[in-house]
Amino acid sequence: MSSDLRDLAIAWAASQDLQGERSDDQWLPIFDVHDLVLNAERLWEFVVVAEPLCQSDASFSMLGASPLEDLIQEHGAEFVERIERKAKESLRFSQLFQHVWVPASPDPVTQRYLALGCIAVGPAA
């Protein structure tokens with residue numbers, strides 16, 4: 001496990017648990033994780049590293065609704081097999097999908113994500 005990703009995951013999870021206003025420093029891990037969408041491999045690694053560290057309902061649900069959802073929406077076809085494999089290995093990881101929205105579509109990749117428990121949104125194409 002990359003220590004920089006672990007440190008980022010710890011800071012990101014803590015930032016998700018904050019109530020009320022955040023300082024600029026508390027926003028940084030959120031922005032840093034958002035920027036990972038430009039590097040799909042690092043974003044995938046982040047999700048895997050962060051999942052066991054997200055102990056609160058807030059951080060766990062946001063892991064699904066933000067980084068994992070971004071990965072699936074931007075790079076879904078590329079990662080579907082790895083994501084399916086991880087979901088089979090870990091019940092807890094598979095519970096993230098109840099927080100992931102994907103555009104409704106009849107395409108086979110989307111159908112695989114829906115089978116994992118992702119939520120279809122919008123009209124089917």
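Is Asp 35 buried, partly exposed or exposed? With a relative accessible area of 47%, Asp 35 counts as partly exposed, because the exposed class begins only over 50%. Please keep in mind that this is a predicted model. The briefing below starts with helix H2, where Asp 35 sits, then moves on to helix H3, the salt bridges and a few distances along the chain.

**Helix H2: its length and its two sides**

- Helix H2 covers residues 24-35, which makes 12 residues.
- From its first C-alpha to its last, H2 reaches 16 Å, close to the 16 Å expected at 1.5 Å a residue.
- Three residues of H2 are buried, namely Pro 29, Ile 30 and Val 33.
- Viewed down the helix axis, the buried residues of H2 fall within an arc of 95 degrees, so they line one face of the helix.
- That buried set packs against helix H1 (3-16), helix H3 (40-50) and helix H4 (57-89).
- On the face turned away from the buried side, H2 carries the exposed residues Asp 24 and Asp 25.

**A nonpolar patch on the surface**

- Trp 27, Leu 28 and Phe 31 make a nonpolar surface patch of about 290 Å².
- Phe 31 belongs to helix H2.
- The relative accessible area of Phe 31 is 46%, so this residue is partly exposed.

**Helix H3: what is buried and what covers it**

- The buried residues of H3 are Ala 40, Leu 43, Trp 44, Phe 46, Val 47, Val 49 and Ala 50.
- The cover over these buried H3 residues includes H1, H2, H4 and helix H5 (91-94).
- H3 therefore meets H2 from both points of view: H3 is among the helices that the buried residues of H2 pack against, and H2 is among those covering the buried residues of H3.

**Salt bridges**

- The model holds five salt bridges, and three of them are described here pair by pair.
- Arg 82 and Glu 41 meet through their side chains in a salt bridge, at 2.7 Å from N to O.
- This pair links distant parts of the chain, with Arg 82 in helix H4 and Glu 41 in helix H3, 41 residues apart.
- Both partners are partly exposed: Arg 82 has a relative accessibility of 24%, and Glu 41 has one of 32%.
- Arg 112 and Glu 84 form another salt bridge, at 2.6 Å from N to O.
- Arg 112 lies in helix H6 (residues 108-116) and Glu 84 in helix H4, so their pairing ties together parts that are 28 residues apart in sequence.
- Arg 112 is partly exposed at 29% relative accessibility, whereas Glu 84, at 18%, is buried.
- The label for Glu 84 follows from the cut-off, because buried means under 20% relative accessible area and Glu 84 has 18%.
- Within helix H3, Glu 45 forms a salt bridge with Arg 42, and their closest N and O atoms are 3.8 Å apart.
- Glu 45 and Arg 42 are three residues apart, which is about one turn of the helix.
- Glu 45 is partly exposed, with a relative accessible area of 34%, and Arg 42 is partly exposed too, at 23%.
- Asp 4 joins Arg 42 and Glu 45 in a network of salt bridges.

**Sequence separation and distance in space**

- Ala 14, in helix H1, is partly exposed at 43% relative accessibility.
- Ala 14 and Ser 59 are 45 residues apart along the chain, and their C-alpha atoms are separated by 7.5 Å.
- Glu 81, in helix H4, counts as exposed at 55% relative accessibility.
- Between Glu 81 and Val 109 there are 9.8 Å from C-alpha to C-alpha, and the two are 28 residues apart in sequence.
- For Asp 35, the residue of the opening question, the C-alpha atom is separated by 23 Å from that of Gly 20, with the pair 15 residues apart along the chain.

Technical notes. Residues numbered from 1 in each chain as written. Predicted model: local features only at pLDDT ≥ 70, side-chain atom pairs only at ≥ 80, totals over all residues. Heavy atoms only, no water. Helix = DSSP H or I, 4+ residues; strand = E, 2+ residues; numbered from the N terminus. Expected span 1.5 Å × (residues − 1). Buried < 20%, exposed > 50% of the residue type's maximum accessible area, 1.4 Å probe, protein only. Arc of directions from axis to C-beta. Contact = heavy atoms within 4.5 Å. Patch = residues over 30% accessible without salt bridge, like charges linked within 9 Å, V, L, I, M, F, W, Y side chains within 5 Å. Areas by Shrake-Rupley, 256 points an atom, 1.4 Å probe, with all protein chains shown as cover. Salt bridge = Lys/Arg side-chain N within 4 Å of Asp/Glu carboxyl O.
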